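Student: I have not looked at this structure before. Could we go through it by question and answer?

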Amino acid sequence: MIKIAVCGAAGRMGGRIIAAIKETEGVELSGALDRPGHPMVGQDAGYNAGLGAIGVPISDDLNAVVAGCDVLIDFTTPKVSLKNLEVCALHKKSIVIGSTGFTPEERALAAELAREIPAVIAPNMSVGVNVCFKVLADVAKILGEDFDVEIVEAHHKMKKDSPSGTAVRMGEVVANALGRDYNKVANFHREGICGERTHEEIGMQTIRGGDIVGEHTVYFIGMGERVELTHRAHTRDMFSRGSVRAAKWVVTAKPGVWDMQDVLGLK
Ligand SMILES: NC(=O)C1=CN([C@@H]2O[C@H](COP(=O)(O)OP(=O)(O)OC[C@H]3O[C@@H](n4cnc5c(N)ncnc54)[C@H](O)[C@@H]3O)[C@@H](O)[C@H]2O)C=CC1
Ligand SMILES: O=C(O)C1=N[C@H](C(=O)O)C[C@H](O)C1
């Protein structure tokens with residue numbers, strides 16, 4: 001039985017991950033964590049999952065929870081995830097990180113911290129989005145330089161980072177396929193007399209509102225036609241099932257940073 005602990009247990013994803021652990025064979029919830037001072041600390045973790053009491057309280061003691069698990073699933077924020085990675089490395093435990101909004105420097109630090117433990121770090125745990133990542137590179141290469149690329153994502157109004165981690169990864173995949181540097185060609189803002197679109201830029205547009213779970217469209221826009229590749233998430237449950245699948249995979253992986261395409265065998 002693989003012991004999984006969940007960090008961010010009082011959050012939107014934390015609750016769904018706890019529910020996914022309960023429905024998955026071969027794993028058990030060994031601990032649940034949230035931030036010191038959160039009103040749900042001390043409560044049974046099953047309530048946020050809609051399960052009623054399951055006998056695992058939400059704790060704020062990171063070291064104790066990590067010591068008692070085989071793998072930590074963490075959906076919080078980049079800064080919290082880096083701290084969790086550091087503590088997992090100290091305890092020689094595996095980790096699955098779903099948090100988004102990492103800066104390039106934070107990504108480099110995560111790779112450094114994961115040199116001695118296996119870590120899955122992925123902006124999107126759904127099968128559908130990871131298949132999109134795979135085919136996007138081919139679509140970009142085949143359509144080539146004659147098509148302008150724009151990426152539009154839509155999420156709920158509580159989301160803190162922009163653009164989404166998934167949109168950033170889509171931009172990176174397309175930029176790499178076209179031999180461009182995402183950090184140089186991503187254009188996040190057009191306003192006023194901003195001039196004609198450059199050939200190389202990848203437009204990154206963000207919509208926020210209500211309870212949208214997550215939608216991403218990559219537009220390849222040519223003269224006379226366009227191709228749109230869209231993924232729409234209907235629920236958070238496929239992210240949470242994906243993170244549990246990643247947790248089962250990562251406990252036997254070699255040290256280093258892996259992503260969901262490794263877990264799904266899409267590379
Ligand atoms: N990779 C994927 O498939 C997905 C990634 N996400 C990402 O997951 C992250 C969390 O998303 P949500 O659950 O919607 O956010 P949320 O705000 O509902 O939950 C985050 C939880 O982390 C807790 N937290 C904050 N600081 C903490 C600390 N120091 N220690 C322990 N817990 C702490 C918060 O109190 C909160 O309960 C975001 O970065 C989001 O973009 C969300 C959905 C899917
Ligand atoms: O914050 C969210 O909700 C989501 N975040 C991820 C991202 O930033 O890509 C994945 C998903 O779209 C939901």
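Student: How many bridges join strand β10 to β11?

Tutor: This is a predicted model. Strand β10 covers residues 214–221 and runs antiparallel to β11. One of the pairs sets T217 against T230 in β11. The number of bridges joining β10 to β11 is eight.

Student: Which strands are at the edges of the sheet that holds β10 and β11?

Tutor: The sheet is open, has mixed pairing and follows the order β8-β9-β7-β10-β11. An edge strand here pairs on one side only. The edge strands are β8 (186–187) and β11 (226–233).

Student: At about what angle to β11 does helix α5 run?

Tutor: Helix α5 consists of residues 127–143. The helix lies across β10 and β11. Its angle to β11 is about 170°.

Student: What is the strand order in the open sheet of seven strands, and why is one side of β3 and of β12 left without a neighbour?

Tutor: Strands β3 (58–59) and β12 (256–258) each have a single partner strand, so one side of each has no neighbour in the sheet. The pairing in this sheet is parallel. The order is β3-β2-β1-β4-β5-β6-β12.

Student: Which residue in β4 does V6 stand opposite?

Tutor: Strand β1 (residues 2–7) and strand β4 (residues 71–74) run parallel and are joined by four bridges. Within β4, the residue opposite V6 is I73.

Student: Which helix packs on this sheet, touching β1, β2, β4, β5, β6 and β12?

Tutor: The helix spans residues 237–250. Its direction makes about 155° with that of β5. The helix is α8.

Student: Which helix gives the most residues to the shell around ligand 1?

Tutor: Ligand 1 is surrounded by 25 residues, and the closest are G8, G11, M13, R35 and G98. By class, the shell has 10 nonpolar, 11 polar and four charged residues. The helix that gives the most, with three residues, covers 12–22 and is α1.

Student: Where does ligand 2 lie with respect to domain 1 and domain 2?

Tutor: The residues around ligand 2 include T100, H155, K159 and A233. Its shell divides into two nonpolar, seven polar and one charged residue. Domain 1 (2–125 + 236–263) and domain 2 (127–233) both contribute to that shell, so ligand 2 lies between them.

Student: How far apart are the end C-alpha atoms of residues 128–264?

Tutor: An unreviewed UniProt entry lists this stretch as "domain: Dihydrodipicolinate reductase C-terminal". Over these residues the chain is 37% helix and 26% strand. The end C-alpha atoms are apart by 11 Å.

Methods: Residues numbered from 1 in each chain as written. Chains lettered and ligands numbered in written order. Predicted model: local features only at pLDDT ≥ 70, side-chain atom pairs only at ≥ 80, totals over all residues. Near = placed C-beta within 6 Å. Helix = DSSP H or I, 4+ residues; strand = E, 2+ residues; numbered from the N terminus. Nonpolar A, V, L, I, M, F, W, Y, C, P; charged D, E, K, R; others polar. UniProt positions renumbered as here; feature names shortened; annotations may be inferred. Domains from an automatic or database assignment. Pairing = 2+ DSSP bridges. Contact = placed C-beta atoms within 7 Å. Axes fitted to C-alpha atoms, helices over the stretch in contact; angles between N-to-C directions.
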